[in-house]
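Let's take a walk through this model together, starting with a single strand and working outwards from there. Have the viewer open and follow along.

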Amino acid sequence: MKTSIATVSISGNLREKLDAIAAAGFDGIEIFEADFIADSGSPRDVGNMVRDHGLEITLFQPFRDFETLPEPARSKAFDRAERKFDVMQELGTDLVLVCSSVHPASLGGIERAAHDFHELGERAAKRGLRVGYEALAWGRHINDHRDAWEVVRRADHPNIGLIVDSFHTLGRKLDPDSIRSVPGDKIFFVQLADAPLIEMDLLYWSRHFRNMPGEGDLDVTRFMQAVMATGYDGPISLEIFNDQFRGGNPRTIAKDGHRSLVALMDDVKRCEPGLNVHMPTIPPRVAALGFSYVEFATRGAEAAELTANLSSLGFEHVGQHRSKAAGLWQQGDIRIVVNEETSGHAASSWNARGTCVCDMGFLVANARSAATRASALGADVFTQPVGAGELAIPAVRGLSGSALHFLDDSSDLSQVWQMEFSAKPAPEGVGLTHIDHVAQTMSYEDMLSWSLFYTTLFDMTKAPMVDVIDPDGLVRSQAIEAANGSVRVTLNGADSHRTLAGTFLSDSFGASVQHIAFATQDIFKTLEQLAKRGFVTLPISPNYYDDLAARFDLSDDLVRRMQARGVLYDQTGGADFFQAYAQSFSGGLFIEIVQRNQSYTGYGAPNAPFRIAAQKRLSRAKGVPKT
């Protein structure tokens, strides 16, 4: 499988783009004409620079408004083509993309277009070049790949072929299976893009909202199944127009792009095993079975505050690491590691961010397979020296440089707590049973990247994105979750430092986890026991409970109990959800306690504005710097 990406897909000048694309592992590039023109090098210099990066130029694009023009515009179009052929030969590429015309003078007509392309094929053949024809979804006369194929078929020239683009097919809701009837050797090139489903003008949607396969809502997998069924064996390339990507980190975006192609073609191979997909076999998406542990990096007075909070939540210290300054705290199936090391990963995290979640352990079906797949998808492997009596646990880098470790119950990794901590049995505690979800806060521009990370590595799906209203701005939130709810991660993207999420990001210098939600089967019983331990919930405005009684058919007694304990409520389809919050600690970290009816799949999003307002009332005043 030869991977490629259009230079227009990422930010930076051409040289920065080439560095990022090569580092991500691509085989080639579609060189976008504007990127080439903006560079100071000659066509030959640019071509050599591309090859010096270990890349090939798989396509030169775009050539616009060519076919079915009246004279003298028709002759001028052929003159333009000859000039572009000159450039292509200097660059060292043999394929040009011609997109269907939107020229107002274009006359249309399948036969007329075929005649033009036959003549263009004759001219290209004299130079050893090829021409690919693509149907733009908003083309004046040709806006369907089936019509573009009919033009190519009638042109009947070996140097004229079809270019198909997933956005132009799926964006117009065309059946991709119609591609299966096209001979594979007549498909010269394949371009891929996903997009969120938005009802808007096709051209505007295409130019601003495309994203990587797997980041949107289009069935790109089915599209590629159809393409591969033809016997196509050429490059598979990304062409992404996205406002967010244009201002993003080119290396991150290129890496995401390569990850998306590997995951996509692995999906294609699994969905239709008979297809000839030339790529190394990698393990399938990994079943995420639960959170094995959450590890905090902390030190000194903040460590004392953290352990006091854990104690007030009913956790007990059940073991100390044999060789490290790390304690294990547990309740039910929840394990919290408190790491006070002065060297290594935890120490680096503490030095950079203060008390923070530096590591999370995922319980998976097969830890080695998880690590192998993560590596194949371009994740950065995490390693640190393994001390005496310690296990080498597979791991990769997570958000903000944190670590993600993979553990399973079918190998020696299941003995890590006895081997490294001499852990005692878990205490009954106050009824907290497991981690319901972990909330990761990031810049909004990073959300697509991390949703792609989780959904391509784990057997998890993403819920629709929701807007969380903060008194000082907007935070976008998206849940990534396993089908049975065993693992839930919410990604919260902040644009402004004035929001609660944005303040946390700036105060913690980008810590990855802002809050952890613990599950209980009886939130009132749990909170009653916690109150005896000195646990204080976040105070919620009485106005909330007046409104709650008006919105839901709840007994007065239940509403009074909720108000007394600071419990918030939501309901969908008759399924109840109760949640309460601890007051923030260590620079904005906080704990949530939830009671979830299993048919309730949300996170209490309608309550978020009131929870945030309550948290802000207890925060430092606006404009006051962190001390």
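**A guided walk through the model**

Our starting point is Pro 62, which is found in strand β3 (residues 56–63). Helices and strands here are DSSP runs, numbered from the N terminus, with at least four residues (H or I) for a helix and at least two (E) for a strand. A word on ground rules: this is a predicted model, where local features need pLDDT of at least 70, side-chain atom pairs count only at pLDDT 80 or more, and totals for chains, interfaces and linings use all residues. Residues are numbered from 1 along each chain as its sequence is written, and side-chain values use heavy atoms, with hydrogens and water left out.

What kind of peptide bond joins Gln 61 and Pro 62? The bond is cis, with omega at about -5°. A little further along, the peptide bond from Glu 71 to Pro 72 is cis as well, with omega near 5°. Whereas Pro 62 is in a strand, Pro 72 has its place in the loop between β3 and α4 (73–91).

Two residues catch the eye for their backbone angles. Lys 173 has a positive phi of about 60° although it is not a glycine, and Ser 400 likewise has a positive phi of about 60° without being a glycine. As background, most residues other than glycine have a negative phi, and most peptide bonds are trans. You will find Lys 173 in the loop between α7 (166–170) and β7 (187–192), while Ser 400 is in the loop between β14 (395–397) and β15 (403–407). For their surroundings we need some cut-offs: buried means under 20% relative accessible area, exposed over 50%, and partly exposed in between (1.4 Å probe, protein chains only). Lys 173 is exposed because its relative accessible area is 64%; Ser 400, at 32%, counts as partly exposed.

Now let's step back to the whole chain. It holds 21 helices and 24 strands, and its C-alpha atoms fill a box of roughly 90 × 60 × 50 Å along the principal axes. The radius of gyration, taken over C-alpha atoms, can be set against a globule rule of 2.2 Å times the number of residues to the power 0.38. For 627 residues a compact globule would have a value near 25 Å, and the 28 Å of the protein chain agrees with that. Buried residues make up 57% of the 627. Contact means heavy atoms within 4.5 Å; among the contacts with a separation of 6 or more, 74% are between residues 24 or more positions apart.

With that picture in mind, look at the end of the chain's strand list. Strand β23 (residues 575–581) has six of its seven residues buried, so it is largely enclosed by the rest of the structure. Which strands flank it in pairing? Two strands pair if DSSP finds at least two bridges between them. Strand β22 (residues 568–572) runs antiparallel to β23, joined by five bridges, and Gln 571 has Asp 576 in β23 as its bridge partner. These strands form a hairpin with two residues between them, and Gly 573 in the turn has a positive phi of about 60°. Strand β24 (residues 590–596) also pairs with β23 in the antiparallel sense over five bridges, with Phe 578 standing opposite Gln 595 in β24.

For a parallel pairing, turn to strand β5 (residues 130–134), where four of the five residues are buried. Strand β4 (residues 95–99) pairs with β5 in the parallel sense over five bridges, and Val 96 has Val 131 as its bridge partner.

Finally, two residues show how sequence positions come together in space. Pro 284, in the loop between α11 (250–271) and β9 (288–297), counts as partly exposed at 44% relative accessibility. Arg 373 is 89 residues away from Pro 284 in sequence, with 7.3 Å between their C-alpha atoms. Leaving aside neighbours within four places in sequence, Pro 284 is in contact with Arg 270 and Arg 373. Glu 481, in strand β19 (residues 473–482), counts as buried at 16% relative accessibility. Again leaving aside neighbours within four places, Glu 481 has contacts that include Met 460, Val 487, Arg 488 and Tyr 603.
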